[in-house]
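Notebook open, structure loaded. I wanted to go through the sheets and then a pocket.

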Amino acid sequence: MNPAAEFDIIVFGASGYIGRLVAEHYARHYGVGGKVKWAMAGRSQAKLAEVRDQLGAPKDMPLVEANANDPAQLASMIARTKAIVSTVGPYQFYGSNLVAACAAAGVDYLDLCGEPAWIRQMIDTHEATAKASGARILFSCGFDSLVFELGVYYAQETAKATLGAPAPHVKARLRAMQGGPSGGSVASVMATMAAVQNDAVQRAVFMSPFGLTPGFEGPTQPPGDAVRDDPDVGPVGPFIMAALDTKNVHRSNLLMGHPYGRDFLYDEMVVGGGEIPSVGDMSLLPKPGEGPTKDEREAGFYDILFIGIGADGRKVRTSVKGDIDPGYGASSKMLAETAIALMGAPDVPGGIWTPGAALRGSLVERLRRHAGVSFSVEE
């Protein structure tokens, strides 16, 4: 983990929309130059200085100039830190050089990636290198897919305690959510859709719930592409992020040694029968660097029910909730705190991980204490 590094964490993309939120969280909760040594990085020193001043950080706060397409600048940045937290997307355009460099140098890497075909490319290309160097590479450390991955983990821990064994089937049901997209996420979704349409290999990864488990193909999963009736909650409909979340849940199960079983079933839908939202008028969507206002983020929330169904038909019900916009207010905190948790987990070996599989219950507790996420057992 580059033990002699100047910094514990560098936030790469700190002048972007969500990068600023990550930096704000660190500044507010950990200060500058304290126990957690962190710095901000991006393409423009002037923009980084503007963010530093907005945060009220001292003038001598370290600012690192680095461009995602400049290998020399990336290498210089990586040499100064134990971990990189990247918010520079779409990652399929701007993340490959950085992941490759971190994997080779043994430096940890975390992001908010929601681009499954690119994640699979990174697994295929860099996992062996990361295992050899000791780099821990953690993708999807925000609302998607960390909340769902840990939601399943918490439901399974509850099932073990109350049913005596993990549940062979877990259902995630989004009961309520309020929050708006950022321009960066819109750009990532559009780039992913274009890549899937133009590349049969990427399309196959995107369509399979086991697209992120190379070498393992589980059973046919419950359908999630149409409105149907769920006897536990009533009508349910497709959830737009299920295509990513299901892949990460199954990868998490694989990485942990299949504690949920090799025949594990998982499906993720919206309560009420809501269809996948349409993109609508492209001119109305936020551009990169734009996103919900502070008031809009603080008015957001989410409520997800997890139902674990035991082999004998008995069930457990758990929930994961948050009181802020899930995509940005919550995701920025989750990403920031996952990096802190990883910093405190030297026993996690190198490789390409899901955050839940790497950190498990310790991350559940950290998100409870520091990111406004509640995990609860329901009657």
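Which order do the strands have in the open sheet with mixed pairing? I read it off as E8-E9-E10-E7-E11-E12-E14, seven strands with mixed pairing. Note to self: this is a predicted model.

**Entry 1, the mixed sheet**

I looked for the edges and found strand E8 (228–230) and strand E14 (373–378), each pairing on one side only. Then I checked the twist: neighbouring strands here are turned by 35 degrees against each other on average, with direction ignored.

I also pulled up one strand pair from the sheet. E7 (residues 169–178) runs antiparallel to E11 (residues 301–309), and nine bridges join them. I picked Arg-173 and looked up its bridge partner in E11, which is Leu-305.

**Entry 2, the parallel sheet**

Next I went to the open sheet with parallel pairing. Its seven strands come in the order E3-E2-E1-E4-E5-E6-E13. Why is one side of strand E3 (63–65) and of strand E13 (351–353) left without a neighbour in the sheet? Both stand at the edges and have a single partner strand each, so there is nothing in the sheet on the other side. For the twist I noted an average of 20 degrees from one strand to the next.

Here too I took a closer look at one pair. E4 (residues 81–86) and E5 (residues 108–111) are parallel, with four bridges between them. Val-85 has Leu-110 in E5 as its bridge partner.

What packs on this sheet and touches E4 and E5? I found helix H5 (residues 96–105), which also touches strand E1 (7–12) and strand E6 (136–138). The direction of H5 makes about 150 degrees with that of E5.

**Entry 3, the second largest pocket**

Last stop was the second largest pocket, where I got a volume of about 550 Å³. I listed 20 lining residues, and those nearest the centre are Met-207, Gly-224, Asp-225, Ala-242 and Ala-243.

Which elements give two or more residues to this lining? They are helix H9 (200–207), helix H10 (242–255) and strand E10 (265–271). H10 gives the most, with four residues. E10 is a name I had already written down, as one of the strands in the mixed sheet.

I sorted the lining by class as well: twelve residues are nonpolar, four are polar and four are charged.

Notes
Residues numbered from 1 in each chain as written. Predicted model: local features only at pLDDT ≥ 70, side-chain atom pairs only at ≥ 80, totals over all residues. Heavy atoms only, no water. 1 Å grid on protein atoms, 1.4 Å probe; cavity = no way out; pocket = protein on both sides within 12 Å on 5 of 7 lines; lining within 4 Å. Points joined across faces, edges and corners; volume = space filled by probe spheres on them. Nonpolar A, V, L, I, M, F, W, Y, C, P; charged D, E, K, R; others polar. Pairing = 2+ DSSP bridges. Axes fitted to C-alpha atoms, helices over the stretch in contact; angles between N-to-C directions. Contact = heavy atoms within 4.5 Å.
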